Amino acid sequence: MTADVAEEIFPPRERDTFAPELLLLADAPLGSFAADRSLSILRETEVLITSWGSPVIDATVLNSAPALRAIVHAGGSVKQHLTEEVWRRGIIVSSATAANALPVAEYTLAMILLANKDVIGISRHLSRTEAFDPRKDLDPRIGNFGKRIGLVGASTIGRRVIDLLQPFDLEVVVADPYLSDADASLLGVQRVSLEELARSSDVVSLHAPALPSTHHLFNSKLIRTLKPGATLINTARGSLVDQQALTDRLAFGDISAILDVTDPWIPVSGDRLYTLPNVFLSPHIAGSLGTELRRLSTTAVAEAKRISSGLTPHHPVGIGDLARIA
């Protein structure tokens, strides 16, 4: 991982938690696998802990780590730095995806509740005028009782959102090609088609991975079917949405959007998303930040200890998962 990531996720107090079960071979992170120092450390490494900024781990790297038994990722996706060769050699892979999913789910829950109360829209109205009478000026459709929430993707994050929504008087529907009716029933949700979800939901929240098959998953046709007053929330990836079509619908003024991610990652200067009153933008902050990073290190260290004790990891990633995960 990069030095700045190591300082955030594994400050000295976190590195102290390795002992006594684990021997930390190097206090400073490996930023490259080619340096002499890295090669010396890799020769002794049994468990490699990675995070954001890790170089790619391919056959050449693996040949330099003959004792390597496991790679534990203190982050989300492993697809950016692990090659299939890792699994072919029987190396255990674990990821802190579940730990990183919780703050995203919490952010989503907060935004769903705020969207149904039109808190952001009302706040912007107040910033333009002091004249506001809740009994006269509020849309009678606002509120969280009985609203339909549509989740696109029963992913790790999507399932955490389902859990967090349980205490509220909301109807939750899910569109996911991998979700069976039986699994939906166990989750306490209804499985519906993506088209029905878009057409009927008061809030649509995206939790699908960014894959070639999901590029513009939420396309212009679906965006046109969103019902007036609906809110689209995207904390996943900007590429899931046809952003031009979404912007055009938002400019019409009858729906809202809460976008933690966009395509491109940072909208270009002058993009209408910056000025539309029915858009709330945040700079990809739903995931682990600040104190939440400690959850990643805690999860990674616990997994490393389990593996070193001969136990199976709680959060394994198999080669068969690669085709459907972010």
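**Exercise 1. A salt bridge across the chain**

In this predicted model, the side chains of arginine 294 and glutamate 14 meet in a salt bridge, 3.4 Å from N to O. Find which helices the pair links, and decide how buried or exposed each partner is.

*Solution.*
- Step 1: Place the partners. Arginine 294 sits in helix H14 and glutamate 14 in helix H2. They are 280 residues apart, so the pair links distant parts of the chain.
- Step 2: Check the distance. A salt bridge needs nitrogen and carboxyl oxygen within 4 Å. The 3.4 Å for this pair meets that limit.
- Step 3: Check burial. Arginine 294 has 43% relative accessibility and counts as partly exposed. Glutamate 14 has 7% and is buried, because buried means under 20%.

**Exercise 2. More salt bridges**

How many salt bridges does the structure hold? Describe the ones made by arginine 272 and arginine 249.

*Solution.*
- Step 1: The structure holds 13 salt bridges.
- Step 2: Take arginine 272. Its partner is aspartate 248, with the closest N and O atoms 2.8 Å apart. This pair also links distant parts of the chain: arginine 272 is in the loop between S9 and S10, aspartate 248 is in helix H13, and 24 residues separate them. Arginine 272 is partly exposed at 37%. Aspartate 248 is partly exposed at 40%.
- Step 3: Take arginine 249. Its side chain meets that of aspartate 254 in a salt bridge of 2.8 Å, N to O. Arginine 249 is buried, with a relative accessible area of 12%.
- Step 4: Look for shared partners. Glu84, Glu85, Arg88 and Arg89 are joined into one network by salt bridges.

**Exercise 3. A buried charge without a partner**

Where is aspartate 242 found? Which residues does aspartate 242 touch?

*Solution.*
- Step 1: Aspartate 242 is found in the loop between strand S8 (231–234) and helix H13 (243–252).
- Step 2: Aspartate 242 is buried but has no salt bridge. The nearest side chain of opposite charge belongs to arginine 224, 7.7 Å away. The limit is 4 Å, so this does not count as a salt bridge.
- Step 3: Leave out residues up to four places away in sequence. Aspartate 242 then touches His216, Phe218, Asn219, Ser220 and Ile223.
- Step 4: Look at one of these neighbours. Histidine 216 lies in the loop between strand S7 (203–206) and helix H12 (220–225). Histidine 216 is not a glycine, yet its phi is positive, about 55 degrees. It is partly exposed at 28%.

**Exercise 4. Following helix H14**

Compare the reach of helix H14 with the expected value, then find what its buried residues pack against.

*Solution.*
- Step 1: H14 covers residues 293–308, 16 residues. From first C-alpha to last it reaches 23 Å, close to the expected 22 Å.
- Step 2: Buried residues of H14 include Leu293, Leu296, Val301 and Ile307.
- Step 3: The buried residues pack against helices H1, H2 and H6 and strands S1, S2 and S3.
- Step 4: Glycine 310 follows H14, with a positive phi near 85 degrees.

**Exercise 5. Two cis peptide bonds**

What is omega in the bonds from alanine 19 to proline 20 and from aspartate 263 to proline 264?

*Solution.*
- Step 1: Alanine 19 and proline 20 are joined by a cis peptide bond, omega about 0 degrees. Proline 20 is in the loop between H2 and helix H3 (36–42).
- Step 2: From aspartate 263 to proline 264 the bond is cis, with omega near 10 degrees. Proline 264 lies in the loop between strands S9 and S10.

Note on methods
Residues are numbered from 1 along each chain as its sequence is written. This is a predicted model: local features need pLDDT of at least 70, side-chain atom pairs count only at pLDDT 80 or more; totals for chains, interfaces and linings use all residues. Side-chain values use heavy atoms; hydrogens and water are left out. Helices (H or I, at least four residues) and strands (E, at least two) are DSSP runs, numbered from the N terminus. Buried means under 20% relative accessible area, exposed over 50%, partly exposed in between (1.4 Å probe, protein chains only). Lys and Arg count as positive and Asp and Glu as negative; His and the chain ends are not counted. Contact means heavy atoms within 4.5 Å. The expected span of a helix is 1.5 Å times one less than its number of residues.
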